[in-house]
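User: Please take a close look at a single part of this model and describe its surroundings in one connected account.

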Amino acid sequence: NNKKRKNHKMKHVSFIKNDHMKENTNTTTLNCKKCGICFLQPEVATFIEEQKISLPNDKGKWKEYNKVWKIKDVFDVDNVGFTNPANLEKFVKNAEKDTEGNIQIDQKKLEEMKNKGQRYMTCPDCENEPFGTGTMNDGFYIAVELVNYPQQK
């Protein structure tokens, strides 16, 4: 567990293909952009350039990402929070609210994801906005640009 936590003090950077992967496999840890906690060890995920995933940001707006890490087995992940669309509202803290104070999020999109058994991945420490999604049957995908990587020497 200390190994996972020590990445908090490491300098982190955005994804650089030559520094953070070899033969389409991650060569470094994947870390939370906000707090730095490590949630995926090296050589666990496969880089896929044309797989689209759709995730809500902390304002409740959906964005598509097409560069992802694929994780085949959910048990390969060290430290991550999983949710389902029914509980997603707590991750969009700054979303627009209606006159009664309810979070406004694309309910049609949310219902579609819920029916597919879609889960969202987020940091277990800071619960920042979701950085990945997937199902137990199809595997999980992490948006390359929503996580940080240790700076290489």
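Analyst: Contact here means heavy atoms within 4.5 Å. The model is a predicted one, and by that criterion F131 touches F39, L55, V80, M121, T122, C123, Y141, I142, A143, L146 and V147, leaving aside residues up to four places away in sequence.

One of these partners, V80, lies in the loop between strand 9 (68–71) and strand 10 (81–83). V80 counts as buried because its relative accessibility is 16%, where buried means under 20%. With residues up to four places away in sequence again left out, V80 touches M121, T122, P124 and F131. V80 and D125 are 45 residues apart in sequence, yet their C-alpha atoms are 8.5 Å apart in space.

F131 also belongs to a wider setting, the largest nonpolar core, which has 26 residues and in which L30, L40, W69, M121, F131 and I142 have the most contacts. The elements that give two or more residues to this core are strand 5 (38–40), strand 7 (53–56), strand 9, strand 11 (119–122), strand 13 (139–143) and strand 14 (147–150), and the largest share, four residues, comes from strand 13.

C123, another residue that F131 touches, leads to the cysteines. The structure holds zero disulfides; C35 is in none, and the nearest cysteine sulfur to its own, that of C123, is 3.6 Å away, whereas a disulfide would need the two sulfur atoms within 2.5 Å. C35 is partly exposed, with a relative accessible area of 22%, while C38 is buried, at 0%.

Conventions: Residues are numbered from 1 along each chain as its sequence is written. This is a predicted model: local features need pLDDT of at least 70, side-chain atom pairs count only at pLDDT 80 or more; totals for chains, interfaces and linings use all residues. Side-chain values use heavy atoms; hydrogens and water are left out. Buried means under 20% relative accessible area, exposed over 50%, partly exposed in between (1.4 Å probe, protein chains only). A nonpolar core is a set of buried Ala, Val, Leu, Ile, Met, Phe, Trp, Tyr and Cys residues joined through side-chain atoms within 4.5 Å.
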